[in-house]
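Dear colleague,

Please find below the structure that I am handing over to you. My notes on it follow directly after.

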Amino acid sequence: MVYFLGHPFRSRSAAPGLRVLRAGAAGVIAAALLTCGGAGVTRLDVDAHTDLRMATVSHRPPARAGYFKLAAIGRWSTLPSGRTCIGRVHRSTWEPRKDNAIPNHRMPNAAAVHHPFKVRPVSGGGSADRRWDTWLLQRVTGHFTGTTDEIFQWAACKWGLPDNLLRAIAVRESTWYQYEIYRSGRPVLDWGMGDMMPPHTAGAITYCRGLAQHGRDYQRDFGTGICPQTFSIAGVMSWQSPSLGRMPGNQNGTFPFNRNSTAFAVDYLASQLRGCYNGWEHWLKDTGRYVRGDLWGCVGAWYAGDWHSSDANGYIHRVRSELINRTWLEADWPKVRPACSKRYGCPTGSH
C-alpha cells in the first residue's frame, strides 16, 4: 500500500487477473427491481429531486462506441449538472448485474456526503488546487438511480468523460459488482470490496471501528485491525493513513456512501479523474512528471497513487485491454459472478 498526502491509493506489484467465474458457480441472485419488456418499455424513475420522470427505454446493451466524449480541460466550469444528465442517459432495462439492484437505487443525502469532505480538506499545503475542495468534491452527490450501465452514463455526462472508460475501469475493479455479500452479511473479497488492511497497521483499529458504526463490524469477519480499505464497483478508497495528517477516524470521507450507493461510487471516481485531468492534483508531481491533459496517466494514478510508474502503467494496459475488447458486451458477461462458498454459501448481492 502506498499513500500520498490527502489521497490514499492501493499499489499492487503483481497485476491481478480479471476476477471472473462462469455460470456454473452461480448461486442466488438478488431479485431485480426492473424487468425487460419488448423492444421498448416505459418505466417510472425518481430523479435527484424526487420528481417522477417518464422515459421510454429499450432492452439493448449500450452502443459499442458509447455515448459521451471527453470534454476539454477548459470546459470544467460548463459541465452539465447531475440533474441535466439524468435526461441525457440512454435508458435501457439491460442489466447484467442484477445483484446491484439495491445500491443502484439508493441515493445518499447530499449534506451527509459533503460534510465529511468539508472537515477533511485535501488542498491544504498546496497538495491540490483549492477548487478540489470548493468545487469538485462539493459536486459529488450520487443523486441518480437506474441500471448499472445507466449510472456509468450519468457520471460520464456529469464529469465530461467517455462512458466506455468508466465501464472499463469498473471491469478491472469489481467485474461490475457494487458490493457482493453472503447471506450472513460477510462481504465477498474482491467483488465490490477489498485491499484488506495488513495486520498491525497503525491506526487500523480506529478506522475499522469507524466502519463498524455503519452496519458491519468487519473485524469480526477478518480479525482485529483487519478490514477493507476499498469498497464499490469502482474500488473507491476509504482508508486514510494517519501518518499523512489528521483525518477523523482515519477515513477520507467516502464511507459508507461508497459501499451503499453505486451512483456515489461512480460519481466519485469520475470526479477524481476530472480533477486529475484538469491538472489539479499537485501532489502527483512528487511521484513523476505529472502534466494535465493525460487522462490515461490519471487512470493509472487512480490505481497506483503515482504517475506512470510500472504499477500504474500495468493498470493502464489492463484497462485499455478491457476497453478495446468491450468486455461488457461479450455474450457471457451477464453470467460472470462470484462462486459459492462451502463455508458461507452463495453470494446474494447487497441487502
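Asp129 counts as buried, because its relative accessibility is 14% and buried means under 20% relative accessible area, with exposed over 50% and partly exposed in between (1.4 Å probe, protein chains only). Asp129 belongs to the loop between α3 and α4, where helices (H or I, at least four residues) and strands (E, at least two) are DSSP runs, numbered from the N terminus. A polar atom of the Asp129 side chain lies 2.7 Å from the backbone nitrogen of Arg131. When residues up to four places away in sequence are not counted, Asp129 touches Ser123, Trp280 and His282, a contact being heavy atoms within 4.5 Å.

Before you read further, please note that this is a predicted model, in which local features need pLDDT of at least 70 and side-chain atom pairs count only at pLDDT 80 or more, while totals for chains, interfaces and linings use all residues. Residues are numbered from 1 along each chain as its sequence is written, and side-chain values use heavy atoms, with hydrogens and water left out.

Turning to the interior, the largest nonpolar core has 69 residues, and those that touch the most other members are Trp154, Leu166, Ile169, Trp176, Ile233, Tyr268 and Leu273. A nonpolar core here is a set of buried Ala, Val, Leu, Ile, Met, Phe, Trp, Tyr and Cys residues joined through side-chain atoms within 4.5 Å. Two or more residues of this core come from each of α1 (82-86), α3 (110-118), α4 (131-136), α5 (148-159), α6 (163-174), α10 (262-277), α11 and α12, and α10 gives the most, with 10 residues. A second, separate core consists of 14 residues, including Tyr179, Ile181, Leu211 and Cys227. In soluble globular proteins, nonpolar side chains tend to be buried together.

The helix α5 deserves a paragraph of its own. With 12 residues, α5 reaches 17 Å from its first C-alpha to its last, which is close to the 16 Å expected at 1.5 Å a residue, the expected span being 1.5 Å times one less than the number of residues. Since 12 of the 12 residues of α5 are buried, this helix is largely enclosed by the rest of the structure; polar residues such as Thr148, Asp149, Glu150, Gln153 and Lys158 are among the buried ones. Within α5, Trp154 is in contact with residues that include Gly82, Cys85, Ile86, Val89, Phe144, Ala263 and Asp267, leaving aside its neighbours within four places in sequence. Gly160 follows α5 and has a positive phi, near 65°.

Next comes the sheet, which is open and has three strands in the order β5-β6-β7, with antiparallel pairing. The strands β5 (193-196) and β7 (236-237) stand at the edges with a single partner strand each, so one side of each is left without a neighbour in the sheet. Strand β6 (residues 228-231) and β7 run antiparallel and are joined by two bridges, and two strands pair if DSSP finds at least two bridges between them. Phe231 has Val236 in β7 as its bridge partner.

Some backbone details may be worth checking on your screen. Ser232, in the loop between β6 and β7, has a positive phi of about 100° although it is not a glycine, and Ser232 is buried, with a relative accessible area of 1%. In the loop between β7 and α9 (257-260), Pro256 follows a cis peptide bond from Phe255, with omega near 10°. Asn250 lies in that loop between β7 and α9 as well, and has a positive phi near 55°; at 11% relative accessibility, Asn250 counts as buried.

Finally, towards the end of the chain, Ser309 is in the loop between α11 (295-304) and α12 (310-325). Its side chain makes a polar contact with the side chain of Asp306 at 2.5 Å, and the side chain of Ser309 also reaches the backbone nitrogen of Ala312 at 3.1 Å. A polar contact is a pair of N or O atoms within 3.5 Å; within protein, one must be able to donate a hydrogen and the other to accept it, and residues adjacent in sequence count only if both atoms are side-chain atoms. Thr327, in the segment after α12, counts as buried at 5% relative accessibility. The C-alpha atoms of Thr327 and Ala168 are separated by 7.7 Å, although these residues are 159 residues apart along the chain.

With best wishes
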